[in-house]
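Dear colleague,

I am handing over the structure we spoke about, and below it you will find my notes on what came out of the analysis. Please read them with the model open beside you.

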Amino acid sequence: MVEKYRCPVCHHDIEGDLVVFLDHTKMEMENILKNKYPDWDKEKGLCPKCKDDFESWYDNLKK
Ligand SMILES: [Zn+2]
């Protein structure tokens with residue numbers, strides 16, 4: 001029995017072991033995420049897709 005996890009960002013259910021967490025070097029990303037999604041919390045993590053989406057969006061910001 002696999003535990004389901006609901007991504008707080010996109011609200012999709014994924015397998016519990018696919019959850020990714022931002023590491024502490026990404027404080028700035030964390031703050032932006034919190035602004036965009038007030039319900040989001042670092043401990044809640046996010047799904048790999050949201051992380052990828054968010055990282056590419058964030059990389060574009062810096063260009
Ligand atoms: Zn997601």
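V9 sits in the loop that joins β1 and β2, and with a relative accessible area of 13% this residue is buried, because the cut-off for that class is under 20%. Please keep in mind throughout that this is a predicted model. Which residues does V9 touch, once those up to four places away in sequence are set aside? They are L33, Y37, W40, L46 and C50. The distance from V9 to H24, by contrast, is 19 Å from C-alpha to C-alpha, with the two positions 15 residues apart in sequence numbering.

H11 belongs to the loop between β1 (4-6) and β2 (13-15), but H11 is exposed, with a relative accessible area of 53%. Its backbone deserves a look as well, since the phi angle of H11 is near 60 degrees, which is a positive value in a residue other than glycine.

As for the chain as a whole, the protein chain contains two helices and two strands, and their order from the N terminus is β-β-α-α. The radius of gyration is 12 Å, close to the 11 Å that the globule rule gives for 63 residues, and the chain is therefore as compact as a globular protein of that length. Along the principal axes, the C-alpha atoms fill a box of roughly 45 × 20 × 20 Å. Of the 63 residues, 32% are buried, and among the contacts between residues at least 6 apart in sequence, 53% join residues at least 24 apart.

The accessible surface of the protein chain is about 4,700 Å², and carbon and sulfur atoms account for 53% of that area. There are 11 positive and 14 negative side chains, and the centres of these two sets lie 4 Å apart.

Turning to the first helix, E30 is located in α1, which covers residues 27-36. Is this glutamate buried or exposed? E30 is buried, at a relative accessible area of 11%, and beyond its neighbours within four places in sequence it is in contact with L22, W40 and K42. W40 is also one of the residues that V9 touches.

M29 lies in helix α1 too, and its relative accessible area of 2% places M29 among the buried residues. Not counting residues up to four places away in sequence, M29 touches L22, F54, E55 and Y58, and L22 appears again in the contacts of E30. The C-alpha atoms of M29 and S56 are separated by 11 Å, with the two residues 27 apart along the chain.

One of the partners of M29, F54, leads to the aromatic side chains, where the structure holds one aromatic pair. F54 and W57 form this pair, with 5.3 Å from centre to centre and 35 degrees between the planes, a geometry that counts as tilted. Both residues lie in helix α2 (residues 48-62), three residues apart, about one turn of the helix. How do the relative accessible areas of F54 and W57 turn out? F54 is buried, with a value of 7%, whereas W57 is partly exposed, with a value of 36%.

With kind regards

How values were computed
Residues numbered from 1 in each chain as written. Predicted model: local features only at pLDDT ≥ 70, side-chain atom pairs only at ≥ 80, totals over all residues. Heavy atoms only, no water. Helix = DSSP H or I, 4+ residues; strand = E, 2+ residues; numbered from the N terminus. Rg over C-alpha atoms; globule rule 2.2 N^0.38 Å. Buried < 20%, exposed > 50% of the residue type's maximum accessible area, 1.4 Å probe, protein only. Contact = heavy atoms within 4.5 Å. Areas by Shrake-Rupley, 256 points an atom, 1.4 Å probe, with all protein chains shown as cover. Lys, Arg positive; Asp, Glu negative; His and termini not counted. Charge placed at Lys NZ, Arg CZ, Asp CG, Glu CD. Phe/Tyr/Trp six-rings, centres within 6.5 Å; stacked < 30°, edge-to-face > 60°.
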